[in-house]
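I opened the model today to look at one strand with its pairing partners, and then at one residue elsewhere in the chain. My notes follow in the order in which I looked things up.

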Amino acid sequence: MKKTHAFAGLVLSTTLLGAGLTNTFAADESLRSLADKNGIYIGAILNSQWFNGGLPGNYEQIHKKQFNIVVAENEMKFDATEPQEGRFNYNNGDKMVKYAQQNGMRVRGHALAWHSQVPGWVNNYKNDKQKLLKVLKNHIQNVVGHWKGKVAEWDVVNEAISNNEPQWRTGSVWYQGIGPEFIDSAFVWTHAVDPDAELCYNDYNLEQGVNPKAKAGFLLEQVKRWVANGIPIHCVGSQTHVEDTTTDKHFIGSPDSLRSLAKELAKLNVKLKITELDIGFKSGINVSKSDLERQGQTFRQYLDIILEEPNADTYLIWGVSDKWSWLGGLNRQKGLIYDDNLKPKPAFDSILVRLQTYEPPKDSVKADSTAKDSTVKDSTAKDSTAKDSTALDPGQSIKQFVSPSSLSMHIAGRTLFVTGLASKRAKVDIFDTQGRPIFSASTHNGTVDLHNIAEGIYVVRVRSGSSNLIQRVTIK
Ligand code: G3I
């Protein structure tokens, strides 16, 4: 495994990607396949219910088809892995690691030193600094040692900064018993056990600006100090649990603010990862179709950071379906990209379309997230010989499509023709290149009238039975 934090020095396949992007999308295109092409990780937690076999089969089917990185919702936390002093339980974590290996996914470890989900026995030592140091060190050595080489990145320290003012979280057992140096020590111990693992500081409310009065501003000063002191920190995880802008009256976070943190971290050779994304609405309110479309745009804006900033490589969502989401406890709802019935929401479409249409600047250098992890195959290579996609053929409305299924489409004049339909009707959705839905219709006799659509470049998706054909088109 390569050292994962040396993003600035890696010569990557982005130039290949630039040449390799193509308008010919396979019919089984997924978030995952598109993320692989763009050299980023896209993922979702495995919910706690999955570990007990409590989820329907299509949950796992969706998870492994759509995502190339995975993290456990609760199963690698302190109380799960060392419920009793010195007695470690790796069963659930092992189950996830096996699943990831079988499906070629990267594994994130969450979390080593956190004030929450600490078993009661740890608190018995809250006044004994030397003992607490031993407890934390022993925990890290055992847990990180157990999954050495299998967990590619760790949240070494989680949520150590106060939520209300820029200072350390003083109520944490680790802070109270040891002092802020528990953080430095945790990074050093983790690195000593697994020098190849990527080590992150992870926290929420980091999308609220980098000024010294904001959490991210305080964190930035600490990261500068850690880097200057040689503390092995390679990444900052932004949890990014945010609320829809129209209902959060105190909303002061934004994708732009998070982007500014990414840019500051780049100067320190530290990555930014989005590790726990959800964009919820207040509980109890009616959520309309246009609300869900706006939510999709916010998902897309956060994705843009990961696609566009060279030191950002991971886009992880804290759940799959709204049905199994922790958000109710925060008085929020519907914050994920699949609905209660595991049907993709507009946010899914926004992400999918953005991954399809994103074209990296020709000279950009992006950390090669696929190459640095031996468990994830480098699917970028297959695109290296593809034609440059940036130029749409002026003579054709639609580029030639090569599909493993029989579904195909073409435009003649202002009519879309769909052939190879599994059933009489197909659903046609048209998006702009930002992933905003602008038109939906069903085919009639295999056609759809496009007269009401303005000239421009769009992405058309045709769904028929289980086939799903997606293609960029020019409508003239
Ligand atoms: O393990 C017990 C189980 O024995 C008991 O039967 C059951 C009864 O409710 O509770 C179980 O514990 C629950 C645990 O999840 C495992 O399911 C806790 O009550 C519940 O509070 C806990 O919630 C988790 C929460 O972290 C705790 O802080 C959520 O599932 C999990 O999504 C959430 O994840 C955190 C990240 O780790 C850090 N960032 C914020 C994020 C959301 O809060």
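**Notebook: a strand, its partners and a threonine**

I began with V428 and looked for its bridge partner in strand β16 (residues 456–464), which turned out to be V462. I keep in mind that I am reading a predicted model.

Next I followed V428 towards strand β14 (residues 437–442), where its bridge partner is A441.

I then looked at the strands as wholes. β13 and β14 pair in the antiparallel sense over five bridges, and β13 and β16 also run antiparallel, with five bridges joining them.

For the connection between β13 and β14, I noted a hairpin with five residues between the two strands. In that turn, G435 has a positive phi of about 90 degrees.

Is strand β13 largely enclosed or left open by the rest of the structure? I checked its residues, 427–431, and found that four of the five are buried, so I recorded the strand as largely enclosed by the rest of the structure.

I turned afterwards to T314, which I located in strand β9 (residues 312–317). Its relative accessible area is 0%, and because buried means under 20%, I entered T314 as buried.

Which residues does T314 touch, once its neighbours within four places in sequence are left aside? I listed Y41, I69, K273, I274 and I306 as its contacts.

Last, I looked at the polar side of T314 and found that its side chain makes a polar contact with the side chain of D313, at 2.7 Å.

Methods
Residues are numbered from 1 along each chain as its sequence is written. This is a predicted model: local features need pLDDT of at least 70, side-chain atom pairs count only at pLDDT 80 or more; totals for chains, interfaces and linings use all residues. Side-chain values use heavy atoms; hydrogens and water are left out. Buried means under 20% relative accessible area, exposed over 50%, partly exposed in between (1.4 Å probe, protein chains only). Two strands pair if DSSP finds at least two bridges between them. A polar contact is a pair of N or O atoms within 3.5 Å; within protein, one must be able to donate a hydrogen and the other to accept it, and residues adjacent in sequence count only if both atoms are side-chain atoms. Contact means heavy atoms within 4.5 Å.
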